[in-house]
Amino acid sequence: TSPATPAFTELTQDFLLSNGAVGKISIPAIGVKNYYLWKGETTASMKKGLGHFTSTSVWNGNVAVCGHNHGAKYVIGSIKDLEIGDTITYTTIYGTRTYEVVLVKTISNSDWSYLQATADNRITLTTCLANQPEKRICVQAVQIIR
């Protein structure tokens, strides 16, 4: 058998929600409800919600997201407290997907390997780690197929 081909959905103008956001994310276990996901891993994006890593997919494959860990209106620093099996929902114009957490890990701030395209549908969340600028928290969750 040959390896599965990585899946990727490119961000196009017609993919965006009516307010210009890529989609919205909820993480019930840590009280994140309908945080909008904005194009770009930038301060401007994270001021309005969460940032989308532009090198990653917006629907099929690996959707990668970044956010502040504290000191902003929209923070996801509590992702460090997620547990295997917790759920994340992601809603776009294509519909809603539910993902199950499979990884919660501290990584180096220079480790971009978790942003690679994947054959399965997953969501990757990253945020800084308080008082450790050289570290990041990385959470990956895979789509629950029902």
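This is a short talk on the cores, the largest pocket, the cysteines and one tyrosine of the structure above.

Hi everyone, thanks for coming. Please keep in mind that this is a predicted model.

Let's start inside the protein. The largest nonpolar core has 26 residues, and the members that touch the most others are Ile25, Ile88, Tyr90 and Ile123. Which strands feed this core with at least two residues each? They are β1 (23–27), β2 (32–39), β4 (62–67), β5 (87–92), β6 (95–108), β7 (122–129) and β8 (132–143). There is also a second core, separate from that one, made of five residues, with Met46, Phe53, Ala64 and Leu115 among them.

Phe53 brings me to the largest pocket. The space in it comes to about 260 Å³. Its lining counts 18 residues, and Phe53 is one of the closest to the pocket centre, together with Cys66, Thr126, Cys128 and Arg136. Which strand gives the most to this lining? That is β7, with three residues. At least two lining residues come from each of β4, β6 and β7. As for chemistry, the lining is a mix: eight residues are nonpolar, seven are polar and three are charged.

You may have noticed two cysteines in that pocket list, Cys66 and Cys128. So how many disulfides does a search of the whole structure find? The count is zero. Let me take the cysteines in turn. For cysteine 66, the closest cysteine sulfur belongs to cysteine 128, but the gap is 9.0 Å, which is too far for a bond, given that a disulfide needs the two sulfur atoms within 2.5 Å. Cysteine 138 has cysteine 66 as its closest partner, sulfur to sulfur, and at 12 Å that is again too far for a bond. Are these two residues buried or exposed? Cysteine 66 is buried, at 8% relative accessible area, and cysteine 138 is buried too, with a relative accessibility of 0%.

Last stop: tyrosine 94. You will find this residue in the loop that runs between β5 and β6. What does tyrosine 94 touch, once neighbours within four places in sequence are set aside? The contacts are Thr9, Phe15 and Trp59. Take the last of these: tryptophan 59 is 35 residues away from tyrosine 94 along the chain, yet their C-alpha atoms are separated by 8.0 Å.

That's my tour. If you open the model while we chat, you could begin with Cys66, which is both buried and among the residues closest to the centre of the largest pocket. Happy to take questions!

Note on methods
Residues are numbered from 1 along each chain as its sequence is written. This is a predicted model: local features need pLDDT of at least 70, side-chain atom pairs count only at pLDDT 80 or more; totals for chains, interfaces and linings use all residues. Side-chain values use heavy atoms; hydrogens and water are left out. Buried means under 20% relative accessible area, exposed over 50%, partly exposed in between (1.4 Å probe, protein chains only). A nonpolar core is a set of buried Ala, Val, Leu, Ile, Met, Phe, Trp, Tyr and Cys residues joined through side-chain atoms within 4.5 Å. Helices (H or I, at least four residues) and strands (E, at least two) are DSSP runs, numbered from the N terminus. On a 1 Å grid over the protein atoms alone, a cavity is a set of points where a 1.4 Å probe fits but cannot get out, and a pocket is an open set with protein on both sides within 12 Å along at least five of seven lines; lining residues have an atom within 4 Å of a point. Grid points are joined across faces, edges and corners, and a volume is the space filled by probe spheres set on the points. Ala, Val, Leu, Ile, Met, Phe, Trp, Tyr, Cys and Pro count as nonpolar, Asp, Glu, Lys and Arg as charged, and the others, Gly among them, as polar. Contact means heavy atoms within 4.5 Å.
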